[in-house]
Amino acid sequence: MDSHTPDGHARFAAATNVVHLGRPPRIPGAPVNTPISLSSTYVAAPEGETAPYSYARESHENAVALESALGALEGGLATVFGSGMGAISATLDIVPHGGAIVIASVGYSGTITAVARGDESGRYERRIVDMRDLRALEQALSGAAMLWIETPANPTLDITDIAAATRLARARGVITVADSTFSTPLITRPLSLGADIVVHSVTKWIAGHSDLLMGAAITADAALHDRLRLGRVAWGSVAGPFEAWLALRGLRTLPLRLNASCNNALELARRLEADPRVATVRYPGLASHPGHGIATAQMAQFGAVIAIELAGGISAAQRLCESVELWTPGTSVGGVESLIERRRRWEFESVETPAELIRLSVGIEDVEDLWSDLDRHL
Ligand SMILES: *Cc1c(COP(=O)(O)O)cnc(C)c1O
């Protein structure tokens, strides 16, 4: 544990903890930030003794610094990976051969594709279920190995009731995983709601500047933590020292960036909903969202992604994405800059995602500038 928070992290608010967690011991002359450790190997201890590090694929100082921060924020032990999909693959690998994974039909395309491939190859069985239907979920969980929740879901922003779903899973001995990328540890803490593992694409809001790829899996269960670490070593998916250092630097300002983005998103969602050129607006912070009640209960803010469908359909969506001047047409979410994308332009996107759906990742720019760019080109 770091000594910059001498009484531990529980005493302070998350906005304080993100600033102080994961720093070197507070001793005179010590650096305030963990230096970037560019070494693949470490001097070994005499046989029979252990050293903190031996080979960087197993672990290194910058991974540990970020892990101590993310673990404390989520309330578990963190393992960081070279990408969100690295964390997700290691987590899926916990499922025994032939075991069933219960998952929604829509969600992050990489996860949906990975689980579909695993099902086709016989590695595991995929059971698709509508998470809003708790009776259907209960049935699907019978004899399953893992429940995969993603809330809010990318890109449809469907909301899953984490506490209700994990209660059903736990009663049946099913491991629950929550992809909490769209919430971050500051908005929802899935472990405290009953999930066994939380996964993040650290690439998105946690790192926050669209300049690196990284993932994390966090669990309070020591055996699951061991499995995840072994998976990382075996599959060679550790995060690099520079990326881990950058992600920790990004984490320091997460509350500021997230507040700005969430406030902007709520304001834009309201304006878009009132605009006749827009046919549908999906944003968990709107009372019209079917998951609004659950979102209000389990989210401290409503996130920074809005999905819209225009009255003009696909061609209007394409025109908007290609004509905006301030919003950047591009994939991904969670950076300080606002991004816009018609998801189905990619053939890997699920056909369950409406073809005209536009995903808006709202950044920290001035909200009037963001609005006037949309307004001018809608
Ligand atoms: C981007 C994303 C991922 C994948 O993360 P990468 O860092 O791109 O590998 C997983 N889940 C969600 C919800 C995402 O948005």
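Where is the place of N154? N154 sits in a loop, the one between β4 (146-150) and α6 (162-171). Bear in mind that this is a predicted model.

Is N154 buried or exposed? N154 has a relative accessibility of 3%, and because buried means under 20% relative accessible area, N154 counts as buried.

N154 also turns up in the largest pocket, where it is among the residues that lie nearest the centre, along with Y108, S201, K204 and S332. That pocket has a volume of about 360 Å³ and a lining of 24 residues. Helix α3 (residues 84-92) gives the most to this lining, chipping in three residues.

Now for the strands. β1 (residues 77-81) is mostly covered, with four of its five residues buried. It runs antiparallel to β7 (residues 215-219), and five bridges join the two. If you want a spot to look at, A78 has I218 in β7 as its bridge partner.

On the surface, I36, L38 and F242 make a nonpolar patch of about 310 Å². F242 belongs to helix α9 (residues 241-251). With a relative accessible area of 41%, F242 is partly exposed.

Here are the two residues with their accessibility values:

| Residue | Relative accessible area | Class |
|---|---|---|
| N154 | 3% | buried |
| F242 | 41% | partly exposed |

One last distance: N154 and R249 are 95 residues apart along the chain, and 25 Å separates their C-alpha atoms.

Definitions and conventions: Residues are numbered from 1 along each chain as its sequence is written. This is a predicted model: local features need pLDDT of at least 70, side-chain atom pairs count only at pLDDT 80 or more; totals for chains, interfaces and linings use all residues. Side-chain values use heavy atoms; hydrogens and water are left out. Patches are made of residues with over 30% relative accessible area and no salt bridge: like charges are joined within 9 Å, nonpolar side chains (Val, Leu, Ile, Met, Phe, Trp, Tyr) within 5 Å. Accessible areas come from the Shrake-Rupley method with a 1.4 Å probe; for residues, only the protein chains shown count as cover. A salt bridge is a side-chain nitrogen of Lys or Arg within 4 Å of a carboxyl oxygen of Asp or Glu. Buried means under 20% relative accessible area, exposed over 50%, partly exposed in between (1.4 Å probe, protein chains only). Two strands pair if DSSP finds at least two bridges between them. On a 1 Å grid over the protein atoms alone, a cavity is a set of points where a 1.4 Å probe fits but cannot get out, and a pocket is an open set with protein on both sides within 12 Å along at least five of seven lines; lining residues have an atom within 4 Å of a point. Grid points are joined across faces, edges and corners, and a volume is the space filled by probe spheres set on the points.
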